[in-house]
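Q: Could we go through the charged side chains in this one together? I'd like to see who pairs with whom.

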Amino acid sequence: MRVYAIADPHLSRVHPKPMSVFGPAWQGHPEAFFRGWREVVGEGDLVLIPGDISWAMRLGEAIPDLLDLAALPGKKVLLKGNHDYWWPSISRLRAVLPPGMYALQNDALVLEGVAVAGTRGWQYPPASLEDERIFAREVERLKLSLNDLAGKTYRHLVVAFHFPPFGPGGEATPLLERAAEAKPDAIVYGHLHGADPSKLPRAYRGIPLYLVSADVLGFRPRKILEV
């Protein structure tokens, strides 16, 4: 099984929102996203999608986008992004997810020996008291996610965030430090668009850090592991 990651698909089947307004990197979206996925992902693979999945505001409006993702090869693991306003309670979401699609929130998942944990994250450093509260909550959610692996058997671990788990200067944050304590094989994140990956931290304590925003990847999911 190969493990891939691609964040920020920004789908919008019900109320189309052209992404080309955000720059030439988005030309051909969303067709380029689906084409790039099919070019690299096989039916037996696992794909992490850490956030900004759909522009929908309500779950019902997001379901066509979820079904489009479900029709692609491989199993999928979803995490919430800052634009996923449609994301309801986790129990309600899981009740409507198609087979082979999973959502994480305050917990973790093990598939074929690969564990996936993570949380959305938030901007760092916090710009307000409200941001401080949200960031602290995300740290607690990451702890819950990693703690959920206790007693589970797995050979590999990937930790996923939507926001980068480091500061604007590449400095470590409490999220990155807590993730590193779990000694994952890799940490993936999205949210940044038009970024030059060569100017971002590539590793922390020997753990690879992968920016997997769809536009940065040219809409081809990035292979993280092969197990």
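What follows is a short exchange about salt bridges and one arginine in this predicted model.

Q: How many salt bridges does a search of the whole structure find?
A: The search, run over the whole predicted model, finds 13 salt bridges.

Q: What separates the N and O atoms where R58 and E61 meet?
A: The side chains of R58 and E61 form a salt bridge with 3.6 Å from N to O.

Q: And is E61 buried or exposed?
A: E61 counts as buried, because its relative accessibility is 17% and the cut-off for buried is under 20%, whereas its partner R58 counts as exposed at 56%.

Q: Which helix holds E140 and K143?
A: Both lie in helix α4, which covers residues 129-147, and they are three residues apart, about one turn of the helix. Their closest N and O atoms are 3.4 Å apart in a salt bridge, with E140 partly exposed at 42% and K143 partly exposed at 32%.

Q: What about K152 and D148, how do their side chains meet?
A: They meet in a salt bridge, at 2.9 Å from N to O, and K152 is partly exposed at 34%, as is D148 at 27%.

Q: Which residues do shared partners join into one network?
A: Salt bridges with shared partners link R120, E138 and R141 into one network.

Q: Changing topic, where is R178 found?
A: R178 is found in helix α5, residues 174-181, and is buried, with a relative accessible area of 18%.

Q: What does R178 touch, leaving out residues up to four places away in sequence?
A: With those left out, R178 touches L142, K143, L146 and N147; of these, K143 is also the salt-bridge partner of E140.

Notes
Residues are numbered from 1 along each chain as its sequence is written. This is a predicted model: local features need pLDDT of at least 70, side-chain atom pairs count only at pLDDT 80 or more; totals for chains, interfaces and linings use all residues. Side-chain values use heavy atoms; hydrogens and water are left out. Helices (H or I, at least four residues) and strands (E, at least two) are DSSP runs, numbered from the N terminus. Buried means under 20% relative accessible area, exposed over 50%, partly exposed in between (1.4 Å probe, protein chains only). Contact means heavy atoms within 4.5 Å. A salt bridge is a side-chain nitrogen of Lys or Arg within 4 Å of a carboxyl oxygen of Asp or Glu.
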